[in-house]
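Thank you all for making the time this morning. Please have a look at the sequence and the structure on the screen, and then I will take you through it part by part.

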Amino acid sequence: MEGSAALEGANSSNRTLESAVVRFAGDSGDGMQLTGSQFTLATALAGNDLATFADFPAEIRAPAGTTFGVSAFQINFGAREILTSGDALDVLVAMNPAALKVNLADIKDGGLVIADAGAFTDKTLRKAGYDTDPLEDGSLAAFRLLKLDVSRLTLEAVKDFGVSKKEGLRCRNIWALGLLYWMFGRKRQATVEWFERKFAARPEIAMANIAALNAGHAFGETAELPAEIASLVVPPAEIAPGLYRNVTGNDTLAWGLVAGAQFAGLNLAFCSYPITPASQVLHVLAKLKDYGVLTFQAEDEIAAVCAAIGASYAGSLGVTSSSGPGIALKTEALGLAVAAELPLVVINSQRAGPSTGMPTKTEQSDLYQAVFGRNADSPLVVLAARSPADCFEVAVEAARLAVTYMTPVMVLSDGYIASASEPWKIPDVDAMPRFPARFETEAAGFQPFRRDPVTLARPWAVPGTPGLAHRIGGLERAEDSGEVSYDAANHQRMTDLRAAKIAGIANDLPEQAVELGEPSGPLAVVGWGSTYGPIYRAVSNLRARGLEVAHIHLRHLSPLPGNLGELLGGFERILVPEMNRGQLVTLLRSAYLLPAEGLNKVTGKPFKIAEIEQAILERLEATQ
Amino acid sequence: MNVPSSPGPLTAKDYASDQEVRWCPGCGDYAILKAIQRTLAELQAEPDKTVFVSGIGCAARFPYYLSTYGFHTIHGRAPAIATGIKLANPELDVWVVSGDGDALSIGGNHLLHVLRRNVDLQFLLFNNEIYGLTKGQYSPTSRPGTRSPSTPQGSLDAPVSAAAFALGAGARFVARSVDTLQKPLPEVLRRARTHRGASFVEILQNCIVYNDQVFGDITDRAVAEEAQIHVVHGQPLVFGKDRGKGLRLRPGTLELEVVTLGPGGPGEIELLRHDETSRPLAALLAAMAPPDLPMALGVLYCDPAPSYDGQVWEQMAAARSNGRDRDLDRLLRGGHTWTVPG
């Protein structure tokens with residue numbers, strides 16, 4: 001199981017774990033994301049594989065001490081490949097009662113709770129809705145509890161640096177980080193350097209934080225903590241050699257778009273409107289003007305997609321990005337891009353819905369919207385990224401298909417991928433294939449809707465090109481000439497051609513491979529998007545137990561890979577876990593008339609590995 | 001389908017496409033099309049560097065009838081698409097053609113923003129105070145009481161003034177003309193094209209089928225002289241038969257009044273002079289309407305400011321001036337990295 005598994009209890013003060021899950025939780029002002037990202041850095045440097053997930057409230061400054069103001073950062077790290085941010089917690093660091101209350105259900109039995117007892121006062125307990133102090137009333141008996149007055153210990157540690165009490169208390173999280181560094185044998189140097197850089201202008205703040213870090217670490221070393229809390233070892237994982245950095249999906253999506261535009265030889269025009277959880281893509285790209293990236297914050301979602309379409313029409317790679325509700329607003333314009341046959345990349349960082357739903361919680365319920373969500377027969381390409389690291393390649397693939405086939409391409413990410421992070425082996429970009437866009441320049445015989453016989457793409461004739469002035473639009477266009485046409489037979493042909501163009505892209509895709517297991521057998525688990533991690537780990541755990549189950553994961557959802565029907569036909573049963581009510585499963589059933597069945601979850605949280613294992617076991621038992 | 005490469009200068013005819021024009025006979029759009037083709041010829045605009053963008057409505061068919069590049073898009077969104085075009089290639093000369101429904105109803109938001117951003121393009125609003133293409137419903141510029149299929153007892157809501165809206169949105173160029181005024185209209189269009197930044201031009205246009213003569217109180221030959229004032233920068237605000245009337249501020253107020261010039265009355269020296277760089281004056285002019293005041297035509301306001309697209313590209317150039325190339329490795333390897341040894 002991903003999560004922790006004691007490999008050996010070598011000696012009483014040094015336990016070795018294959019992996020561990022730690023969550024830092026506190027008020028949104030307590031610096032939990034900073035704490036988590038520093039712990040992530042130190043863990044990566046220690047050679048573990050890892051995955052992280054940030055869970056923060058939708059409210060920007062929720063009232064202090066409330067349960068809805070709790071911000072958390074979770075990291076799963078291990079001596080082997082880590083694919084999810086972890087099912088259940090080995091360690092919870094709770095900076096106040098609300099943080100304890102909200103996260104209690106996720107701690108595994110016997111897990112460790114580190115609580116800042118100094119923050120458990122009558123007032124904060126009341127705010128969190130506790131009648132009695134959980135640190136004292138025995139309600140945490142299922143866990144190992146380490147209650148420390150972190151607040152007092154921190155103030156003690158920073159008292160010599162001339163910072164105010166308020167500033168001193170803001171180092172609480174770093175004291176706790178120091179203790180965790182000791183607990184897992186992490187080096188402090190990278191974090192020390194980070195503080196020195198970050199607070200170069202306010203050295204007293206840097207020094208106070210470093211002192212808190214050291215004090216927390218020293219506390220671990222000197223306090224005689226119970227043996228089972230004493231230092232834990234998670235040995236380095238076997239990781240493919242290479243240069244790595246830690247990335248979120250929004251980072252890699254943004255960089256993939258930059259790379260995709262470069263590979264096509266185009267300027268990137270990124271037109272967007274802020275929305276959770278997609279805004280970060282805009283923030284990343286806005287800083288990359290020196291890469292020829294033009295960013296435009298439009299007045300609304302519709303203007304954003306329209307500006308992107310205008311930019312593509314004028315010869316850039318137009319890209320727009322949003323989340324489900326914003327994509328809904330862009331729908332009519334997507335139809336225009338389908339009709340005018342212009343390249344366009346649309347990113348949807350999906351979130352829980354309908355309507356505003358739960359903006360900071362993840363879901364993958366916009367697949368129908370992506371594949372079918374337009375008026376009339378308006379096919380386009382749909383891709384899905386499986387992980388933060390995968391986003392880079394998917395964004396490049398989206399650019400390739402958009403410019404090669406003169407079509408909008410929708411990329412499905414989600415709230416989990418957008419803000420989760422994992423180490424990313426930086427690719428050798430020189431080795432990645434180029435796909436230079438070809439602008440039409442030949443005036444003789446030019447027809448704006450005469451198609452390439454292979455790709456069925458129309459020529460891209462950019463305004464400013466001598467001799468190619470022409471008119472296009474959303475009215476149905478005559479085959480070849482592109483003149484407005486209400487001709488019945490022409491509309492039939494153009495509708496069929498638009499469909500054939502998208503369907504034909506299947507010939508340009510790699511064959512669908514099997515991630516794990518044999519290409520036929522009693523059960524295939526088929527997934528798309530961010531369910532990759534839990535499905536892969538569940539299937540791999542059960543295969544390690546000798547069970548016959550395969551994992552197939554789709555990147556291309558429209559069109560589906562050409563061999564997918566045949567591949568799925570080789571399995572007796574097909575299980576499709578999705579964070580929706582069953583959208584891919586409907587697609588597969590209708591495409592291949594297969595008895596695929598869904599495993600569906602819409603809690604705003606990713607699947608747990610155990611949930612998928614359980615479902616697989618039930619299916620396999622039923623097969624026997 | 002392209003411009004015949006005439007040996008000499010391009011004529012108005014060279015800006016016509018080979019498409020048969022399909023507006024209703026007698027539609028004011030024909031006159032506007034003619035005025036634009038004349039303007040383009042006068043400016044010797046390069047058809048290959050000119051783009052006409054439109055939304056939906058009768059006016060939106062405009063791009064099909066010109067020999068330039070053209071993009072007939074979706075309802076109300078032409079300003080946003082035009083913004084994308086201009087940002088991607090600031091060398092292009094971009095025109096947006098729109099109607100009162102397209103620009104002020106479904107697309108009001110985009111018009112607001114394209115004007116306040118000051119994107120360097122020309123925005124032409126053909127105002128006929130009615131929905132034509134959908135067969136005659138009242139529009140956001142229709143006068144209260146307009147009887148239409150959707151308002152059989154007369155419309156109730158107050159209309160929006162296109163020019164006042166543009167000024168309120170922060171437009172730096174606001175002009176108004178009339179479809180049939182074949183001398184002033186090309187001149188206004190020429191000024192709009194010459195102005196750098198968003199140029200807003202309201203063109204009063206007659207819909208012969210659904211709203212015929214809605215501007216009769218301004219355009220009828222019998223009343224035109226008294227009902228129109230053609231404003232000229234630096235010149236006194238005079239109008240009327242034999243230029244016998246003028247505009248001045250009613251003493252002690254911020255309101256315009258009509259005075260009769262001549263013996264016994266005030267002289268031209270007491271009139272307001274048109275200052276097209278004055279936003280307060282432009283607001284007063286934009287609000288004028290018969291019967292009390294004449295309709296102001298011409299360039300009401302022109303006070304250039306840096307264009308949005310120009311500034312965007314300045315920022316791009318500044319970012320590039322660090323001399324660094326577009327090396328992807330620099331981007332991807334730029335953060336905190338570590339090496340896993342082989």
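Let me begin with a question: which residue of β2(B) does A:Gly473 stand opposite? In this predicted model, the residue that A:Gly473 stands opposite is B:His72. The two strands concerned are β18 of chain A, residues 471–473, and β2(B), which run parallel and are joined by 3 bridges.

That pairing leads on to the contact between the chains, where 54 residues of chain B are in contact with 57 residues of chain A. On the chain B side, at least two residues each are supplied by β2 (69–72), α2 (78–88), α4 (108–117), α10 (308–320), α11 (328–332) and β12 (337–340). The element that gives the most is α2(B), with 8 residues, and by class the side of chain B that touches chain A has 25 nonpolar, 20 polar and 9 charged residues.

As for chain B as a whole, it has 11 helices and 12 strands, and its C-alpha trace spans about 100 × 50 × 50 Å along the principal axes. Of its 342 residues, 49% count as buried, and among contacts between residues at least 6 apart in sequence, 65% join residues at least 24 apart.

Turning to chain A, I would like to look at two helices. In α6(A), 12 of the 12 residues are buried, so this helix is largely enclosed by the rest of the structure; the buried residues include A:Arg172, A:Trp175, A:Tyr181 and A:Trp182. Its length also agrees with expectation, because at 1.5 Å a residue the 12 residues of α6(A) should span 16 Å, and the end C-alpha atoms are 17 Å apart. After α6(A) comes A:Gly185, whose phi is positive, near 65°.

The other helix is α8(A), residues 203–222, for which 20 residues at 1.5 Å each should span 28 Å, and the end C-alpha atoms are indeed 28 Å apart. Among the buried residues of α8(A) are A:Ala208, A:Ile210, A:Leu213 and A:His217, and the buried residues of this helix pack against α4 (150–158), α5 (165–169), α6 (172–183) and α7 (189–198) of chain A.

Now to the nonpolar interior. The largest nonpolar core has 284 residues, and those with the most contacts inside it are A:Ala307, A:Val345, A:Ala399, A:Val411 and B:Val174. Helix α14 of chain A, residues 390–405, provides the largest share of this core, 11 residues. Leaving aside neighbours within four places in sequence, A:Val345 is in contact with residues including A:Leu257, A:Leu317, A:Ala399 and A:Val411. A second, separate core of 5 residues includes B:Ile130, B:Tyr131, B:Tyr138 and B:Tyr210.

For a contrasting environment, consider A:Leu140, which is found in the loop between α3 (122–128) and β8 (144–148) of chain A. Is A:Leu140 buried or partly exposed? A:Leu140 counts as partly exposed, because it has 17 C-beta neighbours inside 10 Å. Not counting residues up to four places away in sequence, A:Leu140 touches A:Val113, A:Pro134 and A:Leu145.

Finally, a word on confidence. The mean pLDDT of chain A is 94, and 97% of its residues reach 70 or more, but pLDDT stays under 50 over residues 1–12 of chain A, for which the model has 31 contacts beyond four places in sequence. Where pLDDT is low, the predicted coordinates should not be read in detail.

Key: Residues are numbered from 1 along each chain as its sequence is written. Chains are lettered from A and ligands numbered from 1 in the order in which they are written. This is a predicted model: local features need pLDDT of at least 70, side-chain atom pairs count only at pLDDT 80 or more; totals for chains, interfaces and linings use all residues. Helices (H or I, at least four residues) and strands (E, at least two) are DSSP runs, numbered from the N terminus. A residue is buried if 20 or more other C-beta atoms lie within 10 Å of its own, exposed if 12 or fewer, and partly exposed in between; C-beta atoms are placed from the backbone. Two residues are in contact if their C-beta atoms, placed from the backbone, lie within 7 Å. The expected span of a helix is 1.5 Å times one less than its number of residues. Ala, Val, Leu, Ile, Met, Phe, Trp, Tyr, Cys and Pro count as nonpolar, Asp, Glu, Lys and Arg as charged, and the others, Gly among them, as polar. Two strands pair if DSSP finds at least two bridges between them. A nonpolar core is a set of buried Ala, Val, Leu, Ile, Met, Phe, Trp, Tyr and Cys residues joined through C-beta atoms within 7 Å. pLDDT is the predictor's confidence in each residue, from 0 to 100.
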